[in-house]
Every structure is written in structure tokens, then in C-alpha cells.
Protein chains: 2
Amino acid sequence: MSGEFDLIAEYFLPLAGPEGLGFLDDAACFSSPEGQDIVVTKDLLVEGIHFVGDEAPASIAMKCLAVNLSDLAAKGAKPALYWLGISVPKDKPGDWVGHFASGLKAMQERSGIALAGGDTTASLGGITVSITALGYVPKGGMLRRTTARAGDDIYVTGTLGDAALGLRVVQGALASDAYLAERYRTPTPRNSFGEAIRTIATACADISDGLLADVGHIAIGSGVCVRIEEKLLPISDHAADAVRQSPALRHLIYSGGDDYELVFTAPKPMAGKISSLANAHDVAVTCVGRVEEGEGVRLVDPDGKLVQAAKRGFDHFSNT
Amino acid sequence: MSGEFDLIAEYFLPLAGPEGLGFLDDAACFSSPEGQDIVVTKDLLVEGIHFVGDEAPASIAMKCLAVNLSDLAAKGAKPALYWLGISVPKDKPGDWVGHFASGLKAMQERSGIALAGGDTTASLGGITVSITALGYVPKGGMLRRTTARAGDDIYVTGTLGDAALGLRVVQGALASDAYLAERYRTPTPRNSFGEAIRTIATACADISDGLLADVGHIAIGSGVCVRIEEKLLPISDHAADAVRQSPALRHLIYSGGDDYELVFTAPKPMAGKISSLANAHDVAVTCVGRVEEGEGVRLVDPDGKLVQAAKRGFDHFSNT
């Protein structure tokens, strides 16, 4: 692998916005736009935990940036800047970082975010990628998880369970399916749609740990009960095929992570407006339930019978 | 180790400022103070590279935060917020994270910075800590590495080489010396002094990779030659003893990393003012050379003979 300074100059500097000061100062300097709040999110992704490690480096990069963009989407924030920390074993081939950077570039071009700085170091273990992403929302206008209200409808974007099933495909536990594998490897953060529903939705989260877990954050934060109807959950044809093959994996539709779709709540009269925005942004949006007085998350069948109550989100230090 | 959510609630939430929104939203939201620029820096610290790994967890935490605070000090920025990403092997004892958090708390109390969010994950390898730190400076007033001028004096804070010699102590290559070991383990970022010289210094950097390497960034960025007199370099009694024991390690005074002192340039007429500020902030400050027309870094002996020309900074992917 080339030297650290060469890597930075060759691969990362071309991704930088003016806020990075040409990386000459080891710090970014900028001011926030008038009338805007700053929204910051951070995710650390670790080889063997968040990605397998043998993916194409561009694919790892796209996923790492997409995960952070998805957090901004869930806040209705416009992506602006990100900082990249990357720790890579010395024995990676010389062009690994170049391919990684090309993945960042592709995801930047989709989202309008720019690199503002970071840190590149060697690693004695696997790859670790840390991204801190910053976006803007009009003052006081950040979408939150704590503001759902009883009576609201609950919506999700896209289809559910594809990524968790895709991981099983990648691991060889399910028959090959390029669509599902790609949904696992390269999430599509819903930034433009997240910005569009910022003043319409009452609460929003992105689905990183599974629908029930993530909607659970809304239920707990808002002090409400979220009731989801299993039969309404949108699934892709590929996911339906996979679940037919392996019925025991059906629960991944609502408990599988990594989809990076949005789940949001909105008052009933907003249904038409949401449908128009879905069309305008070319995103499928499905009403999957409603918010009620009470607490917790209830997944119910067509007879209203409880299929599953929510656990908390994926826990990195749980042994169960 | 306890569950991830319990760890966050028990240890990290008490460190958070209001900008973290009680960690209910997985994002921070805040606005920058009127008339201020935002300065952001990021460092990734990896077990086996930046710390040995068997240090007390509080010590690792203090160092990781200190390194980022030192970057803000070099910009003259007032520390405000930081985001923490930490990846920890599951088999660490249950109270490891608690002790780590106590180190963060101690360093927060010294600097006034507050936690605003982050991410806690398991690791299959060693410990990785990623910190993104944010500070404020009056608009247009960030201290830079690119603005030194021929004729300026060059100053350093504190003493040099202690940390690099301290690492040899920790590794058993030098006789036990608690002072040097502590200088390696727990750097003292020079934040209040950095803020104080913001309008007086022409350029500034912190010494993370060794004096010659870091002053090299000033030389390259500013398009000047930096001439440093070896006999002027401030060293502690402990470092002097260590170098007497092992004369071959003398070069660590100017090429050893991890001191996290500041090196800055200022016009000659500022000497008196700098001396007063050094007294006021209880920081030793020493003039070690001057800025000249030309390029590069020259370390010279009392006869003006070249001792060493600068290499570039520590390179994580260099094999030499």
C-alpha cells in the first residue's frame, strides 16, 4: 500500500469540499447557513460485524456512507459534510483505498454530501470505518423519534426484509439472489424523500435494526403504542420467494436489520399529500398501521391477534 | 459486558450536553453561536498503533479525547462538542466501559467539551476509538498552518520528546520513569493557551508526529523555511536523564511523536505578550528558531551546521 499522505492526496482530496481547506490544516472550518440548525450523526462500522469484509471495497464504502446518510434522512436534514476515519490492515492491496474512495464518490454524487476531513491509519485487526455526517434543517425543524401522536398513521418506504435476507444469500444460507444481495450490500438512503416529509411527518426513524426495533424507538420516545398489521408490510417479490423457500426466515421482514428505509408517522389527513410526494420522489410508501394510546409495539395479524411484541433494537453486547 | 443500551444509558448519557437530545434521536441538533465559525477535527485511535491496549481504560479515554482537543487547541478553537465511536471486544470486563467513561469525564471537566452522540459496537479485533470534535472561533479567525511569514519567531509549549521516551519506558526499553510514562499516556492539550494566542500567532500546529514533522506542515503550507536551533529545544529533566542513559534516543526530542504540545509562529514584537500569556496560562513557552524565506525544515547546531532536515510526518503505511 502507498504511503498515508499519498493515499490522502490521491484518493480523498478529490472528494473534499472547500470546508476541508485542502486538508492543509487537519481541520475543517465552515459556518452554518443562516436560520439553519446543524444535525450530526455518527456510525462506526466494523469488519465482521457490519460488513463481511470480503466485499468489493467500493461496496463497503457506499454502505458506510449510506448508513450515515440514512440517519440524516430520518431527521429530514439536507446532507452537507462528512468526516471519514478509516483503519485498514497494511497488507491490503495497493488499490484497495482507491476503490474504496470510488464508492464514496458514487454515494456523494447521489446525495450532495462532501468530504470535509478525517483520519487514515493502519490497523492490526480488520477494517474499521467511522463516519460523522452533518446536515442542515431549518431552525427547530428536525424530524424526531419522540413526537408521534395517537391517531397518526404509520408509513414505511420501500420494501422490508430484503437486506436481512440478502445477508443470508451472501452467507450461502439462501439460494443466490442478486437483488437481495445488493439490497444488503448497498442501501439506498431516502434523503430527498426525508427532506420532503419533514414538515408533514410527526415522527421518523430509519430502519437499521429491523422495523419493530426501530419503530420501538418512536413508541418509547413518544410515549405511544405503535400497532402494525403484518399483512400490510411491503415485501419485494425476491423476499417473498426467499420466505417461501425458508418460511422460518419470515420474521426477518419485521425484525431484520440493514434495510435503511424510513418509518414515519403522520396525521391521517396527510395521506394524499404523502402519496403525491412518494410519486414525485419515486419511492414506494405504504401505510402499515397506526399509533394508539398506550406503549410498546404490537405486530398483529388480520384478526388483530398479536404476532410479536417488539424487543429493543439489535444489541451489540447481548449474548442472547 | 452489559447490553449496549444499558452501557449508553449508564455511562455515556451523563457525559452528554443538551445538544445530544438525551440520545433519544440518534443525532445531535444545535446551532452555532452568532458570528462564530465551526471547526471540526477527527482522529481515529487503534489498539496496538496509538495505544498499547493494556493501559487503564480511563487512560485510553483521556488520551483519545486529549488528541482531539489538541487539534482544536492548534486552531485556537474553543472546545464545544464531540462524538464518540467505540468498538470494544465483547470479552472486556463489565466495568471496562465505565472506567473508560470516567476518563472521558475527567478530560471533559478540564476542557469544557461535552459529548453529543456516537456509536458503541462490538469488535472482533482490538479496541478502536473514533472521536470527532467540534469547536468555535470568531468568523475568519481560525489559526492555520498555512500563514507563517518569513521573519516570525517559532515557539513551542512545554517540553519535547517526553511522550516518545515515555513510550520506550512503557515498552521496557528505558528504565522506569513515571513522569515520562504519564506524559505518553495522558497528554495535556493546550486549549486555553491556544485560544489565548489565536490573534497573536501567525500559524500554529500541534506536535503529534514529532516537532520536525509537524513544523514541516507549517513550512509546506506557508511556503517558508523553518530553521530550528537544537540547543534551544526545551527538554524535561526526565528526558535529559533518559537521553544520557540512551544517547541513541536523542533524536526523539525533535522526531518523537505524541507530545501534543503546540508549535507556533509569531512576529518578533509579540515576544513580550507571548511571555505574559505563558505566565497567565501557566504554560512554559520557548522560542526555538525562526521562519526564513525558502522551504523545508532545518534543525541546526550552534554553529549553524545542519543536524537534520525534516522528513514528512509519521506515515501509517510506510514500510521504512
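How much area is buried between domain 1 of chain A and domain 2 of chain A, and what percentage of this area do carbon and sulfur atoms give? In this predicted model, the area buried between the two domains is about 1,600 Å², and carbon and sulfur atoms account for 57% of that area. The domains in question span residues 4-138, assigned to domain 1 of chain A, and residues 153-309, assigned to domain 2 of chain A, and their C-alpha centres are separated by 26 Å.

The contact between the two parts involves 24 residues on the side of domain 1 of chain A and 18 residues on the side of domain 2 of chain A. Across this interface, four residue pairs are found in polar contact, with both residues of each pair at pLDDT 80 or more. The count of salt bridges between the domains is one, and a salt bridge joins the side chains of Lys63(A) and Asp258(A), with an N to O distance of 3.5 Å.

On the side of domain 1 of chain A that touches domain 2 of chain A, two or more residues are given by each of the elements α2 (57-74), β3 (78-89), α3 (96-111) and β5 (128-138) of chain A. The largest share of this side is provided by α2(A), which supplies eleven residues. When the residues of this side of domain 1 of chain A are divided by character, 14 are nonpolar, six are charged and four are polar.

Key. Residues are numbered from 1 along each chain as its sequence is written. Chains are lettered from A and ligands numbered from 1 in the order in which they are written. This is a predicted model: local features need pLDDT of at least 70, side-chain atom pairs count only at pLDDT 80 or more; totals for chains, interfaces and linings use all residues. Side-chain values use heavy atoms; hydrogens and water are left out. Domain bounds come from an automatic or database domain assignment. Contact means heavy atoms within 4.5 Å. Buried area is the accessible area (1.4 Å probe) that two parts lose on being put together, summed over both. A salt bridge is a side-chain nitrogen of Lys or Arg within 4 Å of a carboxyl oxygen of Asp or Glu. A polar contact is a pair of N or O atoms within 3.5 Å; within protein, one must be able to donate a hydrogen and the other to accept it, and residues adjacent in sequence count only if both atoms are side-chain atoms. Helices (H or I, at least four residues) and strands (E, at least two) are DSSP runs, numbered from the N terminus. Ala, Val, Leu, Ile, Met, Phe, Trp, Tyr, Cys and Pro count as nonpolar, Asp, Glu, Lys and Arg as charged, and the others, Gly among them, as polar.
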